[in-house]
Amino acid sequence: MKAILITGASGGIGKAIALKLASRKQNLVLVARNEAKLKELAEQLTKHHRISVEYIAADLSTTAASQQVFDETQKRQLQIVTLINNAGIGSGGEFAELSLQSELGMLQLNISSLVALTHLFLQEMKARKGGTIINVASMASFLPIPYMTTYSASKVFVRHFTQALTQECKPYNVHVMLLCPGLTKTNFNSAAGIDGKVGQRLNAEYNSSTPLQTPEQVADEMLNALDKKKHYIVSGKMNRMASRLSALFPNAFVAKSFARSYRKNSQ
Ligand SMILES: NC(=O)c1ccc[n+]([C@@H]2O[C@H](COP(=O)([O-])OP(=O)(O)OC[C@H]3O[C@@H](n4cnc5c(N)ncnc54)[C@H](OP(=O)(O)O)[C@@H]3O)[C@@H](O)[C@H]2O)c1
């Protein structure tokens, strides 16, 4: 059976994408850690849209999980026509003070599992000469952000990896797209432990000029971009302007002003 696999589908942007795709009558495979949430969503979507929705509970911050997810799709004879690598987590605060284990777990989730899933599912897409891969980066991929140092660097990887892969995949008709959301009303800050003062300090500069988007708005923009066969979408008008502006300033200058703002807001 043909299906679209979405990681991080139990909440936030991933869930919003799943809801939109279900209303387009696409069969889905939902991946995240929280099995109860996945089961509930799968049952709800199956019932309302008369589609097939499967789920695989997996912790993608572990090294073995991507292969397990792939093997499970093989076992269930699912043909993944579109892979949406959305699962991701943030972290904020002074790098030296953060837990090394959680920083490395975040890199496994945001980078290594995304690369592994892309590699695993790309083999069949290449052989079939067709398929779609969508990777979710962030506005943070345009800027070196002190006090969100590892997270923002992880998203630079996602952006460069995806934009380079886009060109590699063209000869065999696999469409690759990069989605860069800006600040979006999800569980992201709370999952990253930055919903308190750290988050306020981090977002003080950016927040004042950029309205939060809803996950539904981000999902809509992503699907519209995909319908138009785009390879790259920054969601939100203000975010698009900010991403263009960011190219005009040297990285060192941007990092310095973010660090100053964070420290000023810490006093
Ligand atoms: N919200 C924002 O402001 C924002 C801005 C820019 C970019 N983004 C990016 O958008 C993507 C989605 O974030 P979101 O805002 O929707 O966050 P969210 O509401 O926290 O959702 C994250 C999703 O990822 C799953 N997930 C987290 N850790 C996981 C793990 N170890 N293994 C498997 N799944 C895991 C979560 O489900 P479980 O807890 O059930 O595992 C959840 O379904 C991320 O890549 C994020 O970096 C978000």
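**Close-up 1. T118, a buried residue of helix α4.** With a relative accessible area of 1%, T118 is buried, and this view of the predicted model is centred on that residue. T118 belongs to helix α4, which spans residues 100-128. Look for the side chain of N85: the side chain of T118 makes a polar contact with it at 3.1 Å. Leaving aside residues up to four places away in sequence, T118 touches L83, N85, I133, N135, F161 and L165.

**Close-up 2. Strand β6 and its parallel partner β5.** Here we turn to β6, residues 174-180. Seven of its seven residues are buried, so the strand is largely enclosed by the rest of the structure. V174, V176, L178 and C180 point one way from β6, while H175, M177 and L179 point the other way; residues of both sets are buried. Strand β5 (residues 131-136) runs parallel to β6, and six bridges join the two. To find your way along the pair, start at N135, which stands opposite L178 in β6. N135 may look familiar, as it is among the residues that T118 touches.

**Close-up 3. T184 in the loop between β6 and α6.** Next comes T184, placed in the loop that lies between β6 and α6 (188-191). T184 is buried, with a relative accessible area of 13%; the cut-off for buried is under 20%. The side chain of T184 reaches the backbone oxygen of G182 at 2.7 Å. Not counting residues up to four places away in sequence, T184 touches I13, L212, Q213, T214, P215 and V218.

**Close-up 4. Backbone atoms beside the ligand.** T184 appears again in this view, now for its backbone: a polar backbone atom of T184 is 2.8 Å from an oxygen atom of the ligand. A polar backbone atom of N187 is 3.1 Å from an oxygen atom of the ligand. For L60, a backbone N or O atom lies 2.8 Å from a nitrogen atom of the ligand. The ligand taken alone exposes 880 Å², of which the protein buries 93%.

**Close-up 5. The shell of residues around the ligand.** Finally, a view of the whole shell, with 29 residues around the ligand. Those that come nearest are S10, R33, N86, Y151 and T186. Sorted by class, the shell has 13 nonpolar, 13 polar and three charged residues. Two helices to pick out are α1 (12-23) and α5 (149-169), each of which supplies at least two residues of the shell.

Methods. Residues numbered from 1 in each chain as written. Predicted model: local features only at pLDDT ≥ 70, side-chain atom pairs only at ≥ 80, totals over all residues. Heavy atoms only, no water. Helix = DSSP H or I, 4+ residues; strand = E, 2+ residues; numbered from the N terminus. Buried < 20%, exposed > 50% of the residue type's maximum accessible area, 1.4 Å probe, protein only. Polar contact = N/O pair within 3.5 Å; in protein donor to acceptor, adjacent residues only side chain to side chain. Contact = heavy atoms within 4.5 Å. Near = heavy atom within 4 Å. Areas by Shrake-Rupley, 256 points an atom, 1.4 Å probe, with all protein chains shown as cover. Nonpolar A, V, L, I, M, F, W, Y, C, P; charged D, E, K, R; others polar. Pairing = 2+ DSSP bridges.
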